[in-house]
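Please walk me through this model. Start inside, then work outward to the whole chain.

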Amino acid sequence: MCHPIVTLMEPGPEQLDPILDRKGDVVVTAGAGAGKTRTIVARYLSLLAEGLPLRSIVAITFTRKAAREMRNRVRSAMGQHLQQPNLPEDEKRRWSQLYVELDGARIDTIHSLCSEILRAHPAEADIDPRFEVLDDAQAAMMRAASIDEALAQAAQL
């Protein structure tokens, strides 16, 4: 059975398995507009509803825009749930606290998660803890320079 916060999201029958499955982690892949974000957000909320701590749940996507959208949908669903009439006081208190703590949730890109892990364990990863992740423009410039260098070396052969 779904918690009321999940029911508010109106998941379809095909979304219920990944939302409620607790046998392991879930990867959601589908075409545009298929409901991936809705499914992930509903699963995220259902895990919170079961009492898991906010920072123990990781929701990862590939782009900052998608991560921002996911976080906004979680926030919106929490806000809607908190507006429900006759919400028990302890439920209201718990979800209000989660709402306040949401900016600290691990809802982000794969790059951010990897950076967080590497910064927490630089010695084990044998890296400089002050490393920086390249932005898209820097990465494109380095890629172009590498291609130019490889082509120049190939031309000399």
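Start at M78. In this predicted model, M78 touches I5, L45, L48, W95, L98, Y99 and L102, leaving aside residues up to four places away in sequence. Three of the residue names here, L45, L48 and W95, come back in the next step.

That step is the largest nonpolar core. This core holds 25 residues. M78 is among those with the most contacts inside it, along with Y44, L45, L48, V74, W95 and I107. Which elements give two or more residues to this core? They are helix 1, helix 3 (36-49), helix 4 (64-82) and helix 5 (89-101). Helix 3 gives the most, with six residues.

Now stay on helix 4 and look at N72. This residue sits in helix 4. Is N72 buried, partly exposed or exposed? Its relative accessible area is 42%. Buried means under 20% and exposed means over 50%, so N72 falls in between and counts as partly exposed. N72 also gives a useful distance to L102, a residue that M78 touches. The two C-alpha atoms, of N72 and L102, are 9.7 Å apart, while 30 residues separate them along the chain.

Next, go back toward the N terminus, to E10. It lies in the loop between helix 1 (4-7) and helix 2 (13-20). Its relative accessibility is 62%. The cut-off for exposed is over 50%, so E10 counts as exposed. From E10 to A34 the C-alpha separation is 14 Å, and the two residues are 24 positions apart in the chain.

Step back to the whole chain. How many helices and strands does it have? The count is eight helices and two strands. Read from the N terminus, the order is α-α-α-β-α-α-β-α-α-α. The radius of gyration is 21 Å, well over the 15 Å that the globule rule gives for 157 residues, so the chain is more spread out than a compact globule. Along the principal axes, the C-alpha atoms fill a box of roughly 75 × 35 × 30 Å.

Burial and contacts come next. Of the 157 residues, 27% count as buried. Among contacts with a separation of 6 or more, 63% join residues 24 or more positions apart.

Finish at the surface. The chain exposes about 10800 Å², and carbon and sulfur atoms supply 55% of that area. As for charge, the chain carries 19 positive and 22 negative charges. The mean positions of these two sets are 4 Å apart.

Note on methods. Residues are numbered from 1 along each chain as its sequence is written. This is a predicted model: local features need pLDDT of at least 70, side-chain atom pairs count only at pLDDT 80 or more; totals for chains, interfaces and linings use all residues. Side-chain values use heavy atoms; hydrogens and water are left out. Helices (H or I, at least four residues) and strands (E, at least two) are DSSP runs, numbered from the N terminus. The radius of gyration is taken over C-alpha atoms; the globule rule is 2.2 Å times the number of residues to the power 0.38. Buried means under 20% relative accessible area, exposed over 50%, partly exposed in between (1.4 Å probe, protein chains only). Contact means heavy atoms within 4.5 Å. Accessible areas come from the Shrake-Rupley method with a 1.4 Å probe; for residues, only the protein chains shown count as cover. Lys and Arg count as positive and Asp and Glu as negative; His and the chain ends are not counted. The place of a charge is taken as NZ of Lys, CZ of Arg, CG of Asp or CD of Glu. A nonpolar core is a set of buried Ala, Val, Leu, Ile, Met, Phe, Trp, Tyr and Cys residues joined through side-chain atoms within 4.5 Å.
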